[in-house]
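Here is a chain to explore together. Have a look at it first, and then we can walk through it piece by piece.

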Amino acid sequence: MSTTTVSQLDKVKDGPWSGGKSPWNLEYGKIMMWFFLVSDAFTFSAFLIYYGAQKFAQPTWIDADKVFQSIPGIAESGQPLVFVGIMTFILIMSSVTMVLAVDAGHRNRKDEVVKWMLWTILGGLAFVGCQAIEWTHLHHQGFWFGRNPATGLEGEAVAEALAPYFTRDISYTAALQFSNLFFTITGFHGFHVSIGILLNIIILSMTLNNTFERRGTYLMVEKVGLYWHFVDLVWVFVFTFFYLI
């Protein structure tokens with residue numbers, strides 16, 4: 001009498017996920033972090049889409065190379081996008097150090113987690129500091145919420161005040177919209193970076209207090225790392241929209 005061999009694929013499955021690994025086999029906090037990041041991505045997308053719509057609806061727009069051509073404290077002009085390039089490099093490197101902190105957590109290496117979290121925090125502080133310097137410099141040039149360098153001027157004085165920032169025709173409305181959207185969107189992003197720095201400091205404190213050693217896992221480092229990488233990714237889009245396009 002012959003026996004029939006049934007392969008694993010042909011066996012009857014009696015569980016809801018018996019066909020393979022459950023796609024929901026994730027820690028609850030990590031799933032909630034992903035939900036938050038997706039919702040926050042919609043908010044940033046709305047801001048950037050609105051910026052793009054306003055920019056392309058106008059017959060002319062401010063030239064980023066002429067607005068962002070200084071290195072505060074070093075050069076007043078002639079260095080387009082150098083300073084913001086430095087800011088971007090700092091933030092990207094902080095993302096690298098966060099990856100190293102998460103990797104160290106997976107290996108339960110407390111000393112390395114502390115080291116790389118410190119570097120991540122320093123990178124975040126450096127970025128926010130650079131952004132504050134850039135904001136201050138632009139404010140001194142006349143840009144601010146509801147203002148541009150020609151605010152309060154009339155007649156030909158308006159064109160003279162805005163001429164250094166336009167390549168083609170000059171538009172007071174376009175300059176005002178640029179100013180409002182720049183400070184709103186970069187400020188919103190800077191707020192997220194500041195929250196990330198605070199979270200990183202909390203995680204660093206918990207690491208120093210051996211909280212994760214007692215739990216036996218450094219999963220919290222990974223969850224905060226997701227947020228930090230999101231903040232870095234958003235900056236890539238903000239940088240592209242405001243400084244490159």
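**A walk through the chain**

Let's begin at E112, which counts as buried with a relative accessibility of 18%. The cut-off for that word is under 20% relative accessible area. Keep in mind that we are looking at a predicted model.

E112 has a charged partner: it forms a salt bridge with R109, and their closest N and O atoms are 3.6 Å apart. R109 also meets the side chain of D111 in a salt bridge, again with 3.6 Å from N to O. On the accessibility scale, R109 is partly exposed at 35%, and D111 is partly exposed at 49%. There is another pair to look at here, D103 and R107, whose salt bridge has its closest N and O atoms 3.2 Å apart. D103 has a relative accessible area of 36%, so it is partly exposed. R107 is partly exposed too, at 40%. Put these together and you get one network, in which salt bridges that share partners join D103, R107, R109, D111 and E112. The count of salt bridges comes to five.

Now step back and take in the whole chain. How many helices and strands are there? There are eight helices and zero strands, so reading from the N terminus you simply go α-α-α-α-α-α-α-α. Of the 245 residues in the chain, buried ones make up 42%.

Between two of those helices, α3 and α4, there is a loop, and N108 sits in it. N108 is a residue other than glycine, yet its phi is positive, near 55 degrees. With a relative accessible area of 44%, N108 is partly exposed. You can find a similar note in the loop between α2 and α3, where L81 has its place. L81 is not a glycine either, although it has a positive phi of about 65 degrees. Is L81 buried or exposed? At 17% relative accessibility, it counts as buried.

Helix α3 is a good one to follow next, and it covers residues 82–106. S94 is found in this helix, and its relative accessible area of 2% makes it buried. Which residue has its C-alpha atom 7.7 Å from that of S94? It is I121, and the two are 27 residues apart along the chain.

L100 is also found in helix α3, but L100 is partly exposed, with a relative accessible area of 31%. That value matters for what comes next, because patches are made of residues with over 30% relative accessible area and no salt bridge. L100 belongs to a nonpolar patch on the surface together with F89, I92, M93 and V96. The five of them have about 420 Å² of accessible area together.

From the surface, let's turn to the empty spaces. Rolling a probe the size of a water molecule over the atoms shows where empty space is left. A search of the whole structure finds one cavity of 30 Å³ or more, and about 90 Å³ of space lies in the largest cavity. Its lining includes L81, which you have already met, along with V67, F68, Q69, S70, P72, F83, V84, E134, H137 and L138. Two elements give two or more residues to this lining, α3 and α4 (110–141). The largest share, three residues, comes from α4. By class, the lining of the largest cavity has seven nonpolar, three polar and one charged residues.

There is also a pocket to visit, and the largest pocket has a volume of about 250 Å³. It is lined by 18 residues, and the closest to its centre are K55, W61, I62, D63 and I245. The elements that give two or more residues to this lining are α1 (28–57), α2 (64–67) and α8 (219–244). Which of the helices gives the largest share? That is α8, with four residues. As for the kinds of residue you would meet around the largest pocket, eleven are nonpolar, three are polar and four are charged.

Definitions and conventions. Residues numbered from 1 in each chain as written. Predicted model: local features only at pLDDT ≥ 70, side-chain atom pairs only at ≥ 80, totals over all residues. Heavy atoms only, no water. Patch = residues over 30% accessible without salt bridge, like charges linked within 9 Å, V, L, I, M, F, W, Y side chains within 5 Å. Areas by Shrake-Rupley, 256 points an atom, 1.4 Å probe, with all protein chains shown as cover. Salt bridge = Lys/Arg side-chain N within 4 Å of Asp/Glu carboxyl O. Buried < 20%, exposed > 50% of the residue type's maximum accessible area, 1.4 Å probe, protein only. 1 Å grid on protein atoms, 1.4 Å probe; cavity = no way out; pocket = protein on both sides within 12 Å on 5 of 7 lines; lining within 4 Å. Points joined across faces, edges and corners; volume = space filled by probe spheres on them. Nonpolar A, V, L, I, M, F, W, Y, C, P; charged D, E, K, R; others polar.
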